[in-house]
Amino acid sequence: MSEGLDRIDQKILRLLQADGRMANAEIAERVGTSAATCHRRIQRLFADGFVRAVRALIDPMRVGRGTLVFVGVVLDRSTPESFSEFEAAVRAIPVLLDCHLVAGDFDYMLKIRVSDMADFNRLHSATLIGLPGARQTRTFFVMKEVIDNAPLDL
């Protein structure tokens with residue numbers, strides 16, 4: 001486990017991953033500390049960067065983004081400049097959930113949520129094929145989400 005985390009900190013992190021809205025008093029009770037001590041620990045975990053943010057997990061189907069797509073991208077050259085240009089361009093794509101520089105057959109793997117295949121087709125023709133330096137893309141439509149956004153095993 002990371003330096004600076006004891007068993008109580010690990011328990012707090014597990015609880016926050018499970019329910020970011022859990023009240024401080026409940027967390028304190030579950031980890032066996034006072035509410036004040038628990039609050040100080042949580043503040044330290046945020047300040048030290050162990051917790052980057054607390055967000056709500058939105059049901060994609062309920063908001064019209066039920067189609068999950070992965071896109072592997074191969075760039076035409078592997079230079080720091082081409083990576084920077086590509087990364088700046090993908091940051092402007094609102095439906096992009098994740099972008100990772102990867103090793104293997106692709107340079108980047110994109111995770112995208114759209115409403116349906118037609119919506120993805122519009123995105124692909126209007127945006128993805130025009131990304132700077134993109135030589136090739138390969139698209140993978142997700143048929144079933146078995147595990148998505150699982151908490152870290154702490």
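Here is a walk through the structure above, from the whole chain down to single residues. Keep in mind that this is a predicted model.

Let's start with the parts list. The protein chain has five helices and four strands. If you follow the chain from its N terminus, the elements come in the order α-α-α-β-α-β-β-α-β. Now, is the chain compact or spread out? Its radius of gyration is 20 Å, while the globule rule gives 15 Å for 154 residues, so the chain is more spread out than a compact globule. You can also picture a box around the C-alpha atoms: along the principal axes, the box is roughly 55 × 40 × 25 Å.

Next, think about inside and outside. Of the 154 residues, 29% count as buried. The accessible surface adds up to about 10300 Å², and carbon and sulfur atoms account for 52% of that. What about charge? There are 20 positive and 20 negative charges in the protein chain, and the mean positions of the two groups lie 5 Å apart.

The chain also brings together residues from far along the sequence. Take the contacts between residues at least 6 apart in sequence: 64% of these join residues at least 24 apart.

Now zoom in on strand E3, which covers residues 108-114. How many of its seven residues are buried? Six of them are, so to speak, under cover, and the strand is mostly covered. E3 has pairing partners, too. One of them is strand E1 (residues 67-75), which runs antiparallel to E3 and is joined to it by seven bridges. Within this pairing, look for Leu68, which stands opposite Arg113 in E3.

Strand E2 (residues 96-101) pairs with E3 as well, again in the antiparallel sense, over five bridges. Here you can find His100 standing opposite Met109 in E3. E2 and E3 form a hairpin, with six residues between the two strands. In the turn sits Gly104, which has a positive phi of about 125°.

Finally, visit a helix. Thr37 lies in helix H3, which spans residues 35-47. Why does Thr37 count as partly exposed? Its relative accessibility is 25%, and partly exposed is the class between buried (under 20%) and exposed (over 50%). For a sense of distance, compare Thr37 with Arg91: they are 54 residues apart in sequence, and their C-alpha atoms are 39 Å apart in space.

Technical notes. Residues are numbered from 1 along each chain as its sequence is written. This is a predicted model: local features need pLDDT of at least 70, side-chain atom pairs count only at pLDDT 80 or more; totals for chains, interfaces and linings use all residues. Side-chain values use heavy atoms; hydrogens and water are left out. The radius of gyration is taken over C-alpha atoms; the globule rule is 2.2 Å times the number of residues to the power 0.38. Buried means under 20% relative accessible area, exposed over 50%, partly exposed in between (1.4 Å probe, protein chains only). Contact means heavy atoms within 4.5 Å. Accessible areas come from the Shrake-Rupley method with a 1.4 Å probe; for residues, only the protein chains shown count as cover. Lys and Arg count as positive and Asp and Glu as negative; His and the chain ends are not counted. The place of a charge is taken as NZ of Lys, CZ of Arg, CG of Asp or CD of Glu. Two strands pair if DSSP finds at least two bridges between them.
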